[in-house]
Amino acid sequence: MSSSASNNNELVEYQFAITGMSCGSCVSRVEKVLQAIPGVQTVAVNLASETARVSASASVLATTLYQAVNKAGYQAQPLISDTTAAQTIMLAISGMTCGSCVGRVEKVLLAQTGVETASVNLATEQAVLTGSDLHSSTLIAALGQAGYPARLIDEQSSTAKQATSAPWWPILVAALLSLPLVLPMFAEMAGQHWMLPGWWQWLLSTPVQFWLGAHFYRSGWRALRAGVGNMDLLVVLGTSAAYGLSVFHLLNSGGDTTHLYFEAASVIITLVLLGKWLEQRAKRQTSAAIRLLAALRPERARVQREGREIELPISAVRLGDLVVIKPGERIPVDGRVREGRSQVDESLISGESLPVLKQPGDQLSGGAMNGEGLLLVETTAIGAETVLAQIIRLVESAQAKKAPIQRLVDKVSSIFVPVIILLALLTLLAWGLFVGNWEGGLLNAVAVLVIACPCALGLATPTAIMVGTGTAARYGILIKDAEALEIAHSVRVVAFDKTGTLTEGKPRLIALEALGDLNEQQCLAQAAALQAGSEHPLAKAVLLAATQQGLHYQRADHIEVTAGCGISATVAERQLRLGSLSWAQALGADLTPLQLRRTEWEAQGYSVSCLLDVTNDVQVLAMLAFADQLKADAASAIARLQALGLHTVLLSGDNSGSVQRVGKALNIDEIRAEVLPQDKASEIEKLRQRYGRVAMVGDGVNDAPALAAADVGMAMGSGTDVAMQAAGITLMRGRPTLVADAIDISRRSYRKIQQNLFWAFFYNLVGIPLAALGYLNPMLAGAAMAFSSVSVVTNALLLRRWRAKSDQPAQTGINNS
């Protein structure tokens, strides 16, 4: 795809495919976003071949170009002949203990050939890599050499299925061995002298130190060999110092147990083991929603083949197979109902708590629960292509990625361990040189090493992101990435599209007035011929009206869509145009005879279109009026957003009368009508400059540029794939009230991130000086360190109590996570 370049001053040429472009304005949009990338010199986009050719400096990566195009609402992908196709690989990585490990792993991965980006998440223990010509075996080998065993994550080995509990027996054994060392200390306070002989203390402490604590030594040695530090290295240095000092005194004291600190070393390791076990247990709960979603996929399906019914593994089901679903069974595949009627609970997909009636022709989603009827379903998607699988991938991907604030935390974590070791050394020297108490100084240095916890810093953000995205998914709010979740909390204005977003998106043809040489039925037939095959809501309304009147219409040729304006075609040698009134006027149509009727219709809130014949000159054939019903929860959605202190805007390409009527009915703060799709992005920019961060809510192809231009794009799940591709958040139920819920869960998640980071930093800022000054003995420091990580994860888990105000989740199992 690109020519080689020896330095960043040389130009590299990229050529790749782009889908989703429908007209010249799309070409202009794509060229504009590519030209805006620093380092890009020339851009040529070809609509016919659906390809782009870009000349850029060698510093510009192919993935940067792809991401810019995808964000604009189109899909960029390598040409089929391209051997350097961009790849995405997910790895499960073990052995990471804190934020400094994350930095080390990312450094190792980015050093490998072909890797362009690497994002490592401590909470999920996963890495997401993008690049070209990536080989998982090479990446896994490099990580293994750095001391971090890894494996490839695929559809069969998803972490949603792989989560296992850490063993508890090492903690029990360590506690039993440490207890005889600790109890005499408490007995001493009561005047009882139960202190064990020194060699007995050594005998009990040694297995804890070198057998049950062997993991810390292995991990610490790997970190040291790699030239970095981690939490395990701090534990090893601290406990080894206490253990080593105790052995020294034991060999030289002649049986005196006064200066033995075996109990400190053993208790610290026991507490750290307990803390890690509790932390792992809590981290498993953060991904409970995904595991429960994965568990909803049936393993087998009942299929009709060769006139008989057979039960097959789900992997053996093929597209087009007829699947029999009995009452009370979970639906194994995505499909279309061929026979039967039944109420189906699809709450796990859409969050809608009420069952939906399904009958022949309706779509079904795999994982949904069938009600009382028997259904025969034609398979339309299996495996990774089902809606449920895509939702799982989407949420897993969001949980694996980092929020912007995490990058700052990673920088702090990368220098945390070396700084702590330096502080411990300074503590030892200060107590020894200035106080003359080297032994006390060593114990205080041990406390400094043990109390410092980079784990809490590393877990503060990703655990909140995991719980937030998982909880939101339960209510049909799918958040694509951590950045969208973090940014949504600071949104100040929410802009809505009208049709399909605030209205049902199912307009009806209310009236048609013919003006030219054709009567009303003939005009309707011509309009239907133009719209045949179109998925636009107004096209469906025209076709439905023509069908209801039993009209027959001819085939249209040379069809061309002008985004935001209308459609052009030739029907029976007539060159026809059907579209907005502003487009008709731009084409030169005289709308004066229709002005009275137009004013009347627009005052009633109707959307008005015009049918023109431009064969010889521009002749108005008819004017059509459409009515669309407001969604039942549209008014409450706007009211909730305003109660949250947000400014609401209606941004629509429809006529001013229709838009004004909807805006006033919903009490929207600001109304902007007759905005073309290519202008919506600039309107978003104006709103951003005036108010701050902007969220855009839409559902159609024409909303994609605005969704991409907004700080946070929210697409209705009932809308187009292009809109959902361009948006950072997808609202699966298509209900406007979910917008307020999405912003609410974002605010609460960000609040948890702030709380976690505050306590992680505050804990270290307070605990380390106290330890250095001798106010914390090593055992208390170990307990505090273990508690800090657990408290951060537990605080994030409180997000699971969040409930969407628009609805309650149905009892499908996923809601009990």
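**Close-up views of a predicted model**

The structure holds 20 salt bridges. The model shown in every panel is predicted.

**Figure 1. A salt bridge within helix H21 joins Glu 600 and Arg 597**. The two side chains meet at 3.5 Å, taken from N to O. Because Glu 600 and Arg 597 stand three residues apart in helix H21 (residues 595-603), about one helical turn separates them. Glu 600 is partly exposed, with a relative accessibility of 38%. Arg 597 is likewise partly exposed, at 31%.

**Figure 2. A salt bridge between Arg 735 and Asp 633 links distant parts of the chain**. The N to O distance between these side chains is 3.5 Å. The partners are 102 residues apart: Arg 735 belongs to the loop between strand E30 (729-731) and H27, and Asp 633 to the loop between strand E25 (619-627) and helix H22 (634-643). Arg 735 has a relative accessible area of 21% and is therefore classed as partly exposed, whereas Asp 633, at 10%, is buried. The boundary applied here is 20%, under which a residue counts as buried.

**Figure 3. Asp 744 and Arg 748 form a salt bridge in helix H27**. Their side chains meet at 3.1 Å, N to O. The two residues are four places apart in the helix, so about one helical turn lies between them. Asp 744 is buried, its relative accessible area being 13%, while Arg 748 is partly exposed at 35%.

**Figure 4. Five charged residues are linked in a network of salt bridges**. The members of the network are Glu 670, Arg 672, Glu 683, Lys 686 and Arg 690. Side chains of opposite charge can pair when their charged atoms come close.

**Figure 5. The largest nonpolar core has 115 residues**. Leu 109, Val 494 and Met 714 have the most contacts inside this core. Helix H27 (residues 737-772) supplies the largest share of the core, with 14 residues. Apart from this core lies another, of 25 residues, including Leu 524, Ala 527, Val 542 and Leu 551. In soluble globular proteins, nonpolar side chains tend to be buried together.

**Figure 6. The surroundings of Val 494 in the largest nonpolar core**. Leaving aside residues up to four places away in sequence, Val 494 touches Leu 641, Leu 646, His 647, Thr 648, Val 649, Ala 695, Val 697, Val 739 and Ile 743.

**Figure 7. Trp 169 and Trp 211 form a tilted aromatic pair**. The structure holds 10 aromatic pairs. In the pair of Trp 169 and Trp 211, the ring centres are 6.0 Å apart and the planes make an angle of 35 degrees. The pair links distant parts of the chain, with Trp 169 in helix H6 (residues 169-189) and Trp 211 in helix H7 (residues 198-212), 42 residues apart. Trp 169 is partly exposed, at a relative accessible area of 42%.

**Figure 8. Trp 199 and Trp 202 form an edge-to-face pair**. Their centres lie 5.9 Å apart, with 75 degrees between the planes. The pair is described as edge-to-face because the angle between the planes is over 60 degrees. Both residues belong to helix H7 and are three residues apart, about one turn of the helix. Trp 202 is partly exposed, with 30% relative accessibility.

**Figure 9. Ring pairs join four aromatic residues into a cluster**. The cluster consists of Phe 210, Tyr 217, Tyr 243 and Phe 262. A pair of aromatic rings is described by the distance of the centres and the angle of the planes.

**Figure 10. A nonpolar patch on the surface draws its largest share from helix H14**. The patch is formed by Ile 415, Val 419, Leu 422, Leu 423, Leu 425, Leu 426, Leu 429, Leu 433, Phe 434, Val 435 and Trp 438, which together have about 1,100 Å² of accessible area. Helix H14 (residues 404-435) contributes 10 residues to the patch. Leu 433 lies in this helix and is exposed, with a relative accessible area of 60%.

**Figure 11. Ala 572 and Asn 667 have positive phi values although neither is a glycine**. Phi of Ala 572 is about 50 degrees. Ala 572 is placed in the loop between strand E22 (566-571) and strand E23 (574-580), and is partly exposed, with a relative accessible area of 46%. For Asn 667, phi is near 60 degrees. Asn 667 occupies the loop between helix H23 (656-665) and strand E27 (670-672) and is exposed, at a relative accessible area of 53%.

How values were computed:
Residues numbered from 1 in each chain as written. Predicted model: local features only at pLDDT ≥ 70, side-chain atom pairs only at ≥ 80, totals over all residues. Heavy atoms only, no water. Patch = residues over 30% accessible without salt bridge, like charges linked within 9 Å, V, L, I, M, F, W, Y side chains within 5 Å. Areas by Shrake-Rupley, 256 points an atom, 1.4 Å probe, with all protein chains shown as cover. Salt bridge = Lys/Arg side-chain N within 4 Å of Asp/Glu carboxyl O. Buried < 20%, exposed > 50% of the residue type's maximum accessible area, 1.4 Å probe, protein only. Core = buried A, V, L, I, M, F, W, Y, C linked by side-chain atoms within 4.5 Å. Contact = heavy atoms within 4.5 Å. Phe/Tyr/Trp six-rings, centres within 6.5 Å; stacked < 30°, edge-to-face > 60°.
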